Amino acid sequence: MKKLIITFVLIIFSTLSSNAFELNNYQQVKLTLREYNKALSVQDIEKVKSFYDENYKSADGFTLDELMQMLEKTYSAYGKMKQKTKINNITAYDNYAIVQLKDKTHACVYPDKNKTKGKEGILDGESLYSLYFKKSGDKWKIFYDEIISETTSLKYGVANKIPMGIVTPALITNNEKYDLSLKMKKPDDIIALASISNEEIEYPTPDYKEKFRKFPSEGELQRVVKANNKNKNEYAVASVGFTRVSMNKEETKARIEIIGIAYLMKRINMIQLKENNEQ
């Protein structure tokens, strides 16, 4: 009976110690995330880099150096960005942890160095993603990340007042043909020229030729595209220019005025299918 009690006590103690260890890991990861987000908010690239494992690679295939280069270009292009991050879930086990987060990003983008008021563009973004951590010594390092969903828009002028969005499939497969559509509710007195296409997610970003078409007065702009055959995730990208035509008093001359521009982007993830070689 005495041996049974001792064994029971040891099991309970072991269980409590294990739970305490997991809780401690949870707290450490949460603290690491707090410091990581601070470094992002002040745009300290070297500090941000210190939170990553040197062998880091993203689900899109980006290395740590490539990620830092993209981050530096983002800060250079958009300046101060407001970002709200919400932790949806933290799962910690042994020396590993998976964290799911949701980000909302907002920034004002000025086309000139003088930052002329009224000329700025409004950048808005939202993403859902997971960070994968492993413990290295007494520190938690990000060794992998995966973006689940992502949408971004940059709008100038009247574009900020016009509801619009890209409609895409949730997931695609290699070489699959799929539909893209740009939906928009614009005033009848405004002419919109738009292009919509798909692009592979890679770095450096290649140049794509845009084909603009007049946006129909009713309905939406649609296009059938083909997915890449390289197992790469893609972006659906739309560019829209808004113009208004006015006449002089004598109605002898027409004036075409650009009154707004919009760039929209939405992620489409590739399903990684394995070939079945079974006979």
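**Figure 1. Who touches Glu200?** Setting aside residues within four places in sequence, Glu200 makes contact with Tyr208, Asn228, Lys230, Lys232, Asn233 and Glu234. This is a predicted model, so treat the view as a prediction. Glu200 itself sits in strand E8. One of those neighbours does a bit extra: the side chains of Glu200 and Lys230 are joined by a polar contact of 3.4 Å. Is Glu200 buried or exposed? Its relative accessibility is 16%, and because the cut-off for buried is under 20%, Glu200 counts as buried.

**Figure 2. A nonpolar patch on the surface.** Five residues make up this patch: Ile191, Leu193, Phe212, Val245 and Ile256. Together they offer about 450 Å² of accessible area. Ile191 belongs to strand E8, which covers residues 191–200, and Glu200 from the previous view lies in that strand too. With a relative accessibility of 31%, Ile191 counts as partly exposed.

**Figure 3. The salt-bridge network around Arg267.** Start with the pair Asp60 and Arg267, whose side chains meet in a salt bridge at 2.7 Å, N to O. This pair links distant parts of the chain: Asp60 is in the loop between H2 and helix H3 (64–78), while Arg267 is in strand E12 (residues 254–270), 207 residues apart. Both Asp60 and Arg267 are buried.

Now bring in Glu150, which also forms a salt bridge with Arg267, with 3.4 Å between the closest N and O atoms. Glu150 lies in strand E4 and Arg267 in strand E12, so this pair ties together parts that are 117 residues apart in sequence. How accessible is Glu150? At 17% relative accessibility, Glu150 counts as buried. Arg267 counts as buried as well, at 6%.

**Figure 4. A salt bridge between Glu220 and Lys183.** The closest N and O atoms of Glu220 and Lys183 are 3.8 Å apart, and the two residues form a salt bridge. Glu220 comes from strand E10 and Lys183 from strand E7 (residues 177–184), so the pair ties together parts 37 residues apart in sequence. Both ends are partly exposed: Glu220 has a relative accessible area of 27%, and Lys183 has one of 42%. Back in the previous view, by the way, salt bridges with shared partners join Asp60, Glu150 and Arg267 into one network. The structure holds nine salt bridges. As general background, side chains of opposite charge can pair when their charged atoms come close.

**Figure 5. Backbone spots worth a look.** Which peptide bond here is cis? That would be the one from Tyr203 to Pro204, with omega near -5 degrees. Pro204 is in the loop between E8 and strand E9 (213–214).

Two residues other than glycine show positive phi in this view. For Gln43, phi is near 60 degrees. Gln43 is found in the loop between helix H1 (2–41) and helix H2 (45–49), and with a relative accessible area of 26% it is partly exposed. For Asn231, phi is about 65 degrees, and again the residue is not a glycine. Asn231 is placed in the loop between strand E10 (220–226) and strand E11 (234–247); at 35% relative accessible area, Asn231 is partly exposed.

**Figure 6. Helix H1 and the start of the chain.** Where is confidence lowest in the protein chain? It is lowest in H1, with a mean pLDDT of 64, whereas strand E4 (residues 139–157) has the highest, at 97. Over residues 1–22, pLDDT stays under 50, and the model has three contacts beyond four places in sequence for this stretch. Where pLDDT is low, the predicted coordinates should not be read in detail. Averaged over the protein chain, pLDDT is 87, and 86% of the residues score at least 70.

**Figure 7. Stepping back to the chain as a whole.** The close-ups come from a protein chain with three helices and 12 strands. Of its 279 residues, 34% are buried. The chain exposes about 18500 Å², and carbon and sulfur atoms supply 52% of that. Among contacts in the chain with a separation of 6 or more, 64% are between residues 24 or more positions apart.

Conventions: Residues numbered from 1 in each chain as written. Predicted model: local features only at pLDDT ≥ 70, side-chain atom pairs only at ≥ 80, totals over all residues. Heavy atoms only, no water. Patch = residues over 30% accessible without salt bridge, like charges linked within 9 Å, V, L, I, M, F, W, Y side chains within 5 Å. Areas by Shrake-Rupley, 256 points an atom, 1.4 Å probe, with all protein chains shown as cover. Salt bridge = Lys/Arg side-chain N within 4 Å of Asp/Glu carboxyl O. Helix = DSSP H or I, 4+ residues; strand = E, 2+ residues; numbered from the N terminus. Buried < 20%, exposed > 50% of the residue type's maximum accessible area, 1.4 Å probe, protein only. Polar contact = N/O pair within 3.5 Å; in protein donor to acceptor, adjacent residues only side chain to side chain. Contact = heavy atoms within 4.5 Å. pLDDT = per-residue confidence, 0-100.
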